[in-house]
Amino acid sequence: MSTLTLLGTGCPSPSSLRFGPSTLFTHKESNYLFDCGSGVTQRLNAAGVKSSDIEILFVTHLHSDHVMDIYQLYISGWHQGRDKKFRIVGPRGTKEFFQNMLKAFKNELQGRVEWEQRPNKDGLEYAITEINSDYAYKNLDLEIIPFEVDHYPVEPAYGYQIKILDTVKEKKVVISGDTRKNENLINHAMDADALVHEVFINLEFDEKRMSKKTISNVRDYHTSPKEIGEIAKAANVKKLILTHFVPPIFDEAFLTKEIGESYKGNVIIGEDLLTIEI
Ligand SMILES: [Zn+2]
């Protein structure tokens, strides 16, 4: 059986209900994490999964809300007994980003290693794969393929397509990452069993912290509810799961109505710690 667990369904805006973006995909007790937002290890704990039991962290893009807790995942996994390499797959720049994180924590990590004398030193080793055009993760059960999305000026930014191979009929799950409406995502999500998609609902103008350009630019590199309905319809997805809500609190009736103008299928308004069977 495969499940998706929405660990964090929020955005950079702090919310006690919606932590930073992160989605867990579990297949036959193997755990794959997509993005690593603020609070992810606490949510993993609540979901009954140890940081040490994550096979691979897949990163969609290097916006802070998606990568904030990578160091916390790295350290808590080591504390929980990880004795193999910490593995990350992400866009170009992921290696430099993680190594800069390690540089910032160099003294504290050295101090911990020397003082704590843990036996599983191998758990601090790491392997980072930066995505290129032929990258694909494969094992006997699964195939995980990144595809480019459009989150310009953040480049490159990826979504991920997960194919579950060891079922009578192959299943497909797609994670959008952050993106505008775009054809590449629709093509990769075609006939998917589940599409996990980001959403931008609205931002109220506040002249103390925004210019008019702020709202139009933030809206411009995300996807509106109306567009999500169009995407889900065009891709003929069986289930649409919404996450990364901007803002974290919004009018659900408006959201459902806008999507429903095009898409008549199953819409799940995500919540932190919601688990969905695939
Ligand atoms: Zn982003």
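In this predicted model, strand 9 and strand 10 (residues 171–175) run antiparallel and are joined by 5 bridges. Across this pairing, Lys 163 stands opposite Lys 172 of strand 10, and Ile 164 faces Lys 171 of the same strand, strand 10. The chain gets from strand 9 to strand 10 by way of a hairpin, through 6 residues. Strand 9 itself is largely enclosed by the rest of the structure, because 6 of its 7 residues are buried.

On its other pairing, strand 9 (residues 158–164) meets strand 8, and here 7 bridges connect the antiparallel pair. Leu 142 is found opposite Ile 164 of strand 9 in this ladder. Strand 8 (residues 142–148) also pairs with strand 7 (residues 137–138), again in the antiparallel sense and over 2 bridges. Tyr 137 stands opposite Ile 144 of strand 8, and a hairpin of 3 residues makes the link between strand 7 and strand 8.

These pairings belong to an open sheet of 7 strands, with the order 7-8-9-10-11-12-13 and mixed pairing. Its edges are formed by strand 7 and strand 13 (266–269), each of which pairs on one side only. Helix 8 packs on this sheet, where it touches strand 11 and strand 12, and its direction makes about 160° with that of strand 11.

Helix 8 deserves a look of its own. Within this helix (residues 225–235), the buried positions are Pro 225, Ile 228, Gly 229, Ile 231, Ala 232 and Ala 235. Seen down the helix axis, these buried residues fall within an arc of 165°, so they line one face of helix 8. What do they pack against? The partners are helix 6 (183–188), strand 11 (194–200), strand 12 (239–246) and helix 9 (252–260). Just after helix 8 comes Asn 236, which has a positive phi, near 55°.

The packing around helix 8 can also be followed from Leu 195. Leaving aside residues up to four places away in sequence, Leu 195 touches Val 174, Ala 189, Ala 232, Ala 235, Val 237, Leu 240 and Ile 241. Two of the residues on this list, Ala 232 and Ala 235, are among the buried residues of helix 8. The largest nonpolar core has 62 residues, and the members that touch the most others in it are Phe 58 and Leu 195.

A second open sheet completes the picture of the strands. This sheet has 7 strands in the order 6-5-4-3-2-1-14, and its pairing is mixed. Strand 6 (126–130) and strand 14 (274–277) stand at its edges with a single partner strand each, so one side of each is left without a neighbour in the sheet. On average, neighbouring strands of this sheet are turned by 20° against each other, direction ignored.

Inside this sheet, strand 4 (residues 54–58) and strand 5 (residues 86–90) provide a parallel pairing, over 2 bridges. Leu 57 has Ile 88 of strand 5 as its bridge partner. Helix 4 (residues 94–104) lies across strand 5 and strand 6, and runs at about 150° to strand 6.

Turning to the protein as a whole, the model contains 9 helices and 14 strands. Its C-alpha trace spans about 60 × 55 × 35 Å along the principal axes. How does the radius of gyration compare with that of a compact globule? For 278 residues such a globule would have a value near 19 Å, and the protein has 19 Å, which agrees. Of the 278 residues, 40% are buried. Among contacts with a separation of 6 or more, 69% are between residues 24 or more positions apart.

Technical notes: Residues are numbered from 1 along each chain as its sequence is written. This is a predicted model: local features need pLDDT of at least 70, side-chain atom pairs count only at pLDDT 80 or more; totals for chains, interfaces and linings use all residues. A residue is buried if 20 or more other C-beta atoms lie within 10 Å of its own, exposed if 12 or fewer, and partly exposed in between; C-beta atoms are placed from the backbone. Helices (H or I, at least four residues) and strands (E, at least two) are DSSP runs, numbered from the N terminus. The arc is that of the directions from the helix axis to the C-beta atoms. Two residues are in contact if their C-beta atoms, placed from the backbone, lie within 7 Å. A nonpolar core is a set of buried Ala, Val, Leu, Ile, Met, Phe, Trp, Tyr and Cys residues joined through C-beta atoms within 7 Å. The radius of gyration is taken over C-alpha atoms; the globule rule is 2.2 Å times the number of residues to the power 0.38. Two strands pair if DSSP finds at least two bridges between them. Axes are lines fitted to C-alpha atoms, for helices over the stretch in contact, and angles run from 0 to 180 degrees between N-to-C directions.
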